[in-house]
Structure formats: C-alpha cells, structure tokens
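Reader: Would you please guide me through this structure by way of questions and answers? I should like each answer to close on the value or name requested.

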Amino acid sequence: AMQTVIETNQVSKVFNPGMADEVKAVTDATLKINKAEVTVLKGPSGSGKTTLLSLLGCMSRPTVGSICINDKDVAKLPERFLAQIRRQTFGFIFQQFNLIKDISVLENVMLPLYPLDVGLREIKARAESILDDLDILKKETVKVQRLSGGEQQRVAIARALINRPEIILADEPTAHLDTRLSQELLDILQNMNGEGKVIIIGTHDPLVYESSFIDRVIEMRDGMIQQIKESGK
Ligand code: ADP
Ligand code: MG
C-alpha cells in the first residue's frame, strides 16, 4: 500500500479573524499526498498557494482542521515541537533565494544544521557532498553575492537539502529564472523525486505544472481547492 506522508482534513486559515480586514486565505482544504509523489498547487496570485504551503510545512497553524505529517497531527502542536518537525522533515526552496550575503557558499549551506544535533565535521562533509552533486563545489569558498543567478539557485537548493528532508516545498521556484534555469531546476527536482522525496510546488508557471513528472495538480482559487487532477504518470 502507498505510504501517506501528508493528509489534511478541512483545513482553513483565516487571517485577522473577526476584524474588518479578515481574509479567508485557505478554506476547507482536504488533500492527501503519498511518499515520492510530486504535487503542484496551481492558481493565480492571491489564491492561497503560499498560505497552504506554509501550513503543510508547519510554518503556521490552521485556524481549523487537521494536518497530519506521517500520521502525526501537527495542527495543535506547541511551537517548539512544530519547529522540530519543520527542521527534520522539510526543505524549503523560496522564489527569493534567501541566501545570506557576506558568508561563503559552504557556510550558507551548513547553516540549517547548526540547531540540530549534528557535529561540525559531519555538517561540512554533508554540505560538500551536496554541493558536489549540484556541481557547484568549486565555488564553496566564494561569497554568495558573487555568484550568478543560476549558481545562487543551486546553493539555495543545496541548503534546502542539507537536513535530508523527506518533503521539499518550493514556492514559485521559477519566478525569477529564465527558461533554461527553470528547466535546470525542474531536472533537479525530478532527480530528488527519483530518490523518493515528496515534492510540493506552488506555481502558476505552465513550464512547471505541465512537466511530465508531476503526479497531481491541485487547482486553487480564492483559497479553495477547485479540482485535483491526478496525472497517473
Ligand atoms: P498566493 O500564494 O496564491 O498568491 P497567498 O497565500 O499569499 O496566495 O494569499 C492568499 C490570501 O491571503 C491573499 O488574499 C493574501 O492577501 C492573504 N494573506 C496572505 N498572508 C497574509 C497575512 N499574513 N495577513 C493577512 N492576509 C494575508
Ligand atoms: Mg504565493
């Protein structure tokens, strides 16, 4: 049987509830994602993609509804447990690379592991191995602002992978990339999926949601899931 990794039931997120500026960002989202599946959240700007991704990634909590990650309901967990699950389970790729200027490529990639119980030598070895996989190890001592856009993208991906996450969340990952770099990013995501990782991408880029390795497209509008298309790839 398929192993369910994420399951949500009637999840809603309301910002500023009861106030004049109340926003129902996500309403009644019910979905299920199995091991090694690739899911796209597709929808126009403001449709709730980022909000749903941040709920799935334990970066915020739903107003109502349940979110189970590997059968554990995380919706009501206190922040310190939520943070622990977040660090151990997820890798995040943002549209802005969110790299830290003035420190090297290697240090940027090592950073997420500092709060975890991993020795410094092990952290460095892992970081160098991932940079090597992404073919950017030769730049390890360079400060990130001196890299090209495509190189920065790969450093951001390396950083997302350093904790060996089971689930990769990518929010508009191609928004600032040209077609060639977008395709390179998709190839990397496809490889990661080939290694068994769950991938969830928020996007309105057809290059992404029309890719052949996508298992499921969840179409969102006004915070609601309009339809879920399974590709049966
Ligand atoms: P998308 O990523 O599809 O563009 P978002 O999830 O960012 O959509 O936003 C969904 C809706 O929630 C929008 O109307 C947005 O303005 C609103 N929203 C998002 N974050 C907040 C917040 N922190 N406070 C108030 N409203 C928010
Ligand atoms: Mg967004």
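Reader: How many salt bridges does the structure hold?

Author: The model is a predicted one, and the count of salt bridges refers to that model. A salt bridge here requires a side-chain nitrogen of Lys or Arg within 4 Å of a carboxyl oxygen of Asp or Glu. By that criterion the structure holds ten.

Reader: Which residue forms a salt bridge with Lys139, and which parts of the chain does the pair tie together?

Author: The side chain of Lys139 meets that of Glu151, with N and O 2.6 Å apart. Lys139 lies in the loop between helix 4 (120-133) and helix 5 (149-161), whereas Glu151 lies in helix 5, so the pair ties together parts that are twelve residues apart in sequence. The partner is thus Glu151, and the parts are the loop between helix 4 and helix 5, and helix 5.

Reader: Is Glu151 buried or exposed?

Author: Residues under 20% relative accessible area count as buried. Glu151 has a relative accessible area of 15%, whereas Lys139, at 24%, is partly exposed. Glu151 is therefore buried.

Reader: Which backbone nitrogen does the side chain of Glu151 reach?

Author: Neighbours within four places in sequence left aside, Glu151 is in contact with Ile136 and Lys139. In addition, its side chain reaches a backbone nitrogen at 2.9 Å. That nitrogen belongs to Ser148.

Reader: Which residue meets Arg86 in a salt bridge, and what is its relative accessibility?

Author: The side chain of Arg86 is joined to that of Glu79 at 3.1 Å, N to O. Arg86 is one of the buried residues of helix 2 (residues 79-89), while Glu79 counts as partly exposed. The residue is Glu79, and its relative accessibility is 40%.

Reader: Where do the buried residues of helix 2 lie around its axis, and which strands are included in what covers them?

Author: The buried residues of this helix are Leu82, Ala83, Ile85, Arg86 and Thr89. They cover an arc of only 165° around the axis, which puts them on the same side of helix 2. An α-helix has 3.6 residues a turn, so residues three or four places apart point the same way. The cover over the buried residues includes strand 4 (64-69), strand 5 (72-73), strand 6 (90-93) and strand 7 (167-171).

Reader: How many residues of helix 1 are buried, and which are they?

Author: Helix 1 (residues 49-56) has eight residues and is mostly covered. The number buried is seven. They are Lys49, Thr51, Leu52, Leu53, Ser54, Leu55 and Leu56.

Reader: Which residue has a polar side-chain atom 2.8 Å from an oxygen atom of ligand 1?

Author: The residues around ligand 1 include Phe15, Val23, Ala25, Pro44, Lys49 and Thr51. Polar backbone atoms lie 3.1 Å from an oxygen atom of the ligand at Ser47 and 3.0 Å from one at Gly48. The side-chain atom at 2.8 Å belongs to Thr50.

Reader: In what sense do strand 9 and strand 10 pair, and which residue in the turn has a positive phi?

Author: Strand 9 (residues 216-221) and strand 10 (residues 224-230) pair over six bridges in the antiparallel sense, and Met220 has Ile225 as its bridge partner. The two strands form a hairpin with two residues between them. The turn residue, with a phi of about 50°, is Asp222.

Reader: Which residue forms a salt bridge with Lys229 of strand 10?

Author: The closest N and O atoms of this pair are 3.9 Å apart. The pair links strand 10 with strand 9, its residues being ten apart. Lys229 counts as partly exposed at 43%, and its partner likewise counts as partly exposed, at 23%. That partner is Glu219.

Reader: What is the phi of Asp135, and where is this residue found?

Author: Most residues other than glycine have a negative phi. Asp135 has a positive phi although it is not a glycine, and it is exposed, with a relative accessible area of 53%. Its phi is about 60°, and its place is the loop between helix 4 and helix 5.

Notes. Residues are numbered from 1 along each chain as its sequence is written. Chains are lettered from A and ligands numbered from 1 in the order in which they are written. This is a predicted model: local features need pLDDT of at least 70, side-chain atom pairs count only at pLDDT 80 or more; totals for chains, interfaces and linings use all residues. Side-chain values use heavy atoms; hydrogens and water are left out. Two strands pair if DSSP finds at least two bridges between them. Helices (H or I, at least four residues) and strands (E, at least two) are DSSP runs, numbered from the N terminus. Buried means under 20% relative accessible area, exposed over 50%, partly exposed in between (1.4 Å probe, protein chains only). The arc is that of the directions from the helix axis to the C-beta atoms. Contact means heavy atoms within 4.5 Å. A residue is near a molecule or strand if one of its heavy atoms lies within 4 Å of it. A polar contact is a pair of N or O atoms within 3.5 Å; within protein, one must be able to donate a hydrogen and the other to accept it, and residues adjacent in sequence count only if both atoms are side-chain atoms.
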